[in-house]
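I opened this notebook page to record what I looked up in one protein model. The entries follow the order of my queries.

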Amino acid sequence: MANRNKEPEEEIYDKVVDLTEYAKRQRWWNRLFGKNCGPVAEKYSVGTQIAIGGLSGWCVGYLFQKVGKVAATSVGGGLLLLQIANNTGYIQVDWKRVEKDVNKAKKQLKKGTNQVGPELNTFVEKSTQFVKQNIVITSGFIGGFLLGLAS
């Protein structure tokens, strides 16, 4: 009965307000990742979250690129020096012992492949939950990380 007493403009206004409230509660990532997700930092706008994620991702990607180059150069240089030392006679490699140790390690790896440690499962669950709760920042971080790797 109360709805019949309202003017048409008030009814439309009430429907629009209800729709905006519904849109605030039903974010687009809720449809993708479930109802228990949403950014933890909801006090920041989406643009701010993407900017923070993108900037931090770019920094990490750039550092990852530089450290990766240094690590690859160090490992490659070390292997080259070991090979030169082996060819000149400074070191002698017992290849039978190396093969025996590698086969032993293979057997141990085959035994443990079916068992995944519980700490790995909890890490994956926590990471997945973090990504779901911070989807906007995470997407900005991934984009910035890729840009940092490319620069």
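The entries below go from the whole chain to one helix and then to its aromatic rings.

**Entry 1. Overall make-up.** I note at the outset that the model is predicted. I counted the secondary structure elements and found 7 helices and 0 strands. Along the sequence, the pattern reads α-α-α-α-α-α-α. I then looked up burial: 13% of the 151 residues count as buried. The protein exposes about 12700 Å², and carbon and sulfur atoms supply 63% of that area. For contacts between residues at least 6 apart in sequence, I recorded that 77% join residues at least 24 apart.

**Entry 2. Helix H7.** I next examined helix H7, which covers residues 135-150 and has 16 residues. From first C-alpha to last, H7 reaches 23 Å, close to the 22 Å expected at 1.5 Å a residue. Which residues of H7 are buried? I listed Ile135, Val136 and Thr138, together with the glycines Gly140, Gly144 and Gly148.

**Entry 3. Gln65.** I turned to Gln65, which is found in helix H4, residues 46-88. Is Gln65 buried or exposed? Its relative accessible area is 15%, and buried means under 20%, so Gln65 counts as buried. Setting aside neighbours within four places in sequence, I found Gln65 in contact with Gly148, Leu149 and Ser151. Of these partners, Gly148 is one of the buried residues of H7.

**Entry 4. Aromatic pairs.** I searched the whole structure for aromatic pairs and obtained 3. One of them joins Phe64 and Phe145: the ring centres lie 5.7 Å apart and the planes stand at 55°, so I entered the pair as tilted. This pair links distant parts of the chain, with Phe64 in helix H4 and Phe145 in helix H7, 81 residues apart. I looked up the accessibility of both rings' residues. Phe64 counts as exposed at 53%, whereas Phe145 is partly exposed at 21%.

I then took the pair of Phe141 and Phe145. Their ring centres are 6.3 Å apart and their planes meet at 20°; planes under 30 degrees apart count as stacked, so this pair is stacked. Both residues lie in helix H7, 4 residues apart, which is about one turn of the helix. Phe141 is partly exposed, with a relative accessible area of 31%.

**Entry 5. Cluster.** Which residues do the ring pairs link into a cluster? I recorded Phe64, Phe141 and Phe145 as its members. Phe145 appears both in the tilted pair with Phe64 and in the stacked pair with Phe141.

Key:
Residues numbered from 1 in each chain as written. Predicted model: local features only at pLDDT ≥ 70, side-chain atom pairs only at ≥ 80, totals over all residues. Heavy atoms only, no water. Helix = DSSP H or I, 4+ residues; strand = E, 2+ residues; numbered from the N terminus. Expected span 1.5 Å × (residues − 1). Buried < 20%, exposed > 50% of the residue type's maximum accessible area, 1.4 Å probe, protein only. Contact = heavy atoms within 4.5 Å. Phe/Tyr/Trp six-rings, centres within 6.5 Å; stacked < 30°, edge-to-face > 60°. Areas by Shrake-Rupley, 256 points an atom, 1.4 Å probe, with all protein chains shown as cover.
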